[in-house]
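Dear colleague,

I am handing over a structure for your consideration, together with a short account of what was found in it. Please look at the sequence and the model first.

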Amino acid sequence: MKPFEKPTNPSHWSNHYGLERFQKGGHQTLETLMEYLRISQSQGLDYVLPFKDPNARLEMWRQEMQKGSDARNGLVRGDLLSRVLERSNHLHDPRYAGHQVAVPLPELAWITAATALLNNGMAIDEMGPASSPMEEAVMRSIAQYMGLGDEASGILCHGGTLANLTALLAARQCQSERDEWREGTTEKYAVLVSEQAHYCVDRAVRVMGWGEEGTIHVPVDASHRIRPEALETAFSEAQSKGLKVLSVVGSACTTSSGAFDDLNALADFANSKGLWFHVDGAHGAAQIFSKQHRKPLEGLQRADSVAMDFHKMLGIPALCTGLFYRRSKDAYSAFSQDADYLYEQGEQDEWWNLSKRTFECTKRMLSVAVYGIWEQHGAELWESLVDQLVGNAQAFAANIESREGWELFASPQSNIVCFRSTQWDNALLRKRMVERGPHYIVKTEFGGETWLRCTFQNPFTTEAVSTSILDRLEALGREGD
Ligand SMILES: Cc1ncc(COP(=O)(O)O)c(C=O)c1O
């Protein structure tokens with residue numbers, strides 16, 4: 001057995017935990033981040049994404065890591081943050097119109113830093129005496145604002161993927177006559193969802209053990225909305241295969257093209273069959289805050305559960321997702337676990353011990369940013385953000401339509417625009433753009449054909465900037481094959 005080693009000298013720890021080092025690091029970080037914001041907001045570099053082959057990047061970091069260990073004198077090498085910034089995708093640059101991740105409100109970096117320092121683990125009330133009641137208060141208030149009713153509430157968790165899985169776990173337990181959580185599932189369950197739904201719904205179904213046939217992909221129309229009349233057929237086919245349909249999942253909106261299912265039609269269907277109605281609003285449920293753009297969400301208020309990412313259209317750093325329930329008590333059905341060392345009242349509902357309702361045990365103090373915005377701005381700040389982002393997408397779509405040689409997939413209902421060139425190879429256009437910039441846009445495929453795709457996440461993407469996306473693509477196209 002190893003002999004007991006004397007603990008390290010306390011002065012070692014007062015160095016690492018000391019205020020002086022903390023203050024110095026803070027000042028340096030502030031200056032570096034100010035410079036990042038100044039440069040990226042003013043489009044000061046000739047790229048948004050610093051493109052380089054992944055293996056070359058890995059090699060660079062491996063070599064630097066080696067150097068770091070040779071010259072270890074602090075916790076991190078002083079220029080680490082600068083190197084990370086230089087080599088990261090710059091979401092604050094107005095030419096960023098790529099994947100659907102928030103361009104965080106810079107102030108929230110301080111909340112995130114402060115809550116990282118406090119590190120209250122949130123699993124139980126004592127490990128989140130401020131952030132647990134803040135979460136309960138803000139989630140109740142937002143759930144009720146969404147129109148889910150007086151009994152509504154919700155939890156925060158790390159991502160839409162986890163929120164959708166959690167909602168389906170609650171659906172399974174609430175819909176079944178047996179105690180699925182305790183006894184295990186013997187039924188072959190299934191879920192009806194758009195064939196354009198985010199893959200995480202299918203992943204959740206497989207995680208729950210229902211296999212490939214557990215996800216029933218319902219056909220969509222030309223603008224990617226579930227065809228409501230196809231629900232009945234899909235339902236009967238599932239029954240004839242011996243599957244027990246538990247839930248209808250609406251997409252609000254779909255990830256690739258930003259299409260909103262007709263939520264009222266889905267709610268009617270769910271009611272008529274006694275199914276759980278879940279809305280995957282990871283991207284688009286945020287539009288509830290906008291009077292101008294909430295129309296595609298009509299019917300949301302009839303859902304049993306709704307997932308909404310605060311880290312997509314609402315300016316909050318990832319990951320931060322709300323899972324809302326019409327009946328707050330249903331949240332306790334997803335997991336019911338004895339953990340004597342954690343909980344006061346065994347399996348009973350205790351809103352203050354949040355891990356009774358979340359997959360996570362320890363979780364970050366997600367509520368502080370959400371609560372802070374809601375307390376100080378109500379829906380107003382989010383309304384203006386959603387209006388700006390969707391407005392930018394609509395202006396871009398109008399620009400596409402006014403040009404020869406471009407085709408718009410559908411009029412945007414959200415901040416997502418899919419479009420393609422009718423004269424050049426779209427995959428080649430995107431490859432050139434991603435490798436040489438300066439803008440950052442992405443692509444998707446519909447029916448085996450490539451479409452270009454912009455998600456307008458940055459409120460500073462003015463019409464002049466979005467015009468420059470099309471000008472740049474045309475210049476890249478004119479270079480020929
Ligand atoms: C409709 C939809 N659902 C779920 C997800 C997954 O969310 P997250 O990335 O927060 O896990 C996304 C992500 O883009 C999405 O658009």
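At roughly what angle do the axes of α14 and α15 cross, and within what distance do they come? The two axes cross at roughly 110 degrees and come within 9 Å; axes are lines fitted to C-alpha atoms, for helices over the stretch in contact, with angles from 0 to 180 degrees between N-to-C directions. Helix α14 is therefore roughly perpendicular to α15 (65 to 115 degrees; under 35 is roughly parallel, over 145 roughly antiparallel, the rest oblique).

The model is a predicted one, in which local features need pLDDT of at least 70 and side-chain atom pairs pLDDT 80 or more, while totals for chains, interfaces and linings use all residues. Numbering starts from 1 along each chain as its sequence is written, and side-chain values use heavy atoms, without hydrogens or water.

**The pair α14 and α15**

The crossing of α14 over α15 is right-handed (the near helix is turned clockwise from the far one by less than a right angle; anticlockwise would be left-handed). On the α14 side, the contact (heavy atoms within 4.5 Å) is made by Leu429, Arg432, Met433 and Arg436. Ile469, Arg472, Leu473, Leu476 and Gly477 contribute from α15. By class, this contact has five nonpolar, one polar and three charged residues (nonpolar: Ala, Val, Leu, Ile, Met, Phe, Trp, Tyr, Cys, Pro; charged: Asp, Glu, Lys, Arg; polar: the others, Gly among them).

**The four-stranded sheet**

Both helices lie across strands of an open, antiparallel sheet with the order β8-β9-β11-β10. Helices (H or I, at least four residues) and strands (E, at least two) are DSSP runs numbered from the N terminus, and strands pair if DSSP finds at least two bridges between them. This sheet has β8 (406-408) and β10 (442-446) as its edge strands, each pairing on one side only. Its neighbouring strands are turned by 40 degrees against each other on average, direction ignored. Five antiparallel bridges link β10 to β11 (449-455), and Val442 stands opposite Arg453 in β11.

Helix α14 (426-436) lies across β8, β9 (416-421), β10 and β11, and runs at about 40 degrees to β11. Helix α15 (463-478) lies across β8, β9 and β11, running at about 135 degrees to β8. Between α14 and β10 there is a loop that holds Pro438, and the bond joining Gly437 to Pro438 is a cis peptide with omega of about 0 degrees.

**The seven-stranded sheet**

A second open sheet has seven strands in the order β1-β7-β6-β5-β4-β2-β3, and its pairing is mixed. The edges are β1 (153-157) and β3 (215-218), each of which pairs on one side only. On average, neighbouring strands of this sheet are turned by 20 degrees against each other, direction ignored. Strands β6 (305-309) and β7 (321-325) pair in the antiparallel sense over five bridges, with Met308 opposite Gly322 in β7.

Helix α10 (229-240) packs on this sheet and touches β2 (189-194), β3 and β4, its direction making about 150 degrees with that of β3. Helix α11 also packs on the sheet, touching β2, β4 and β5 (276-280), and its direction makes about 170 degrees with that of β4. Cys253 is in the loop between β4 (244-251) and α11 (263-273); the peptide bond from Ala252 to Cys253 is cis, with omega near 5 degrees.

**The pair α5 and α12**

Helix α5 (108-118) packs against helix α12 (367-377) at an angle of about 140 degrees, with the axes 9 Å apart. The two helices are therefore oblique to each other, and α5 passes α12 in a right-handed crossing. Leu108, Ile111 and Thr115 in α5 meet Val368, Ala369 and Ile373 in α12. By class, five nonpolar, one polar and no charged residues make up this contact. In the loop between α5 and α6 (131-145) lies Asn119, which has a positive phi of about 50 degrees although it is not a glycine.

**Domains**

The domain assignment, automatic or from a database, gives domain 1 (113-338 + 348-378) and domain 2 (382-478). Their C-alpha centres lie 30 Å apart. In the contact between them, 31 residues of domain 1 meet 19 residues of domain 2.

With kind regards
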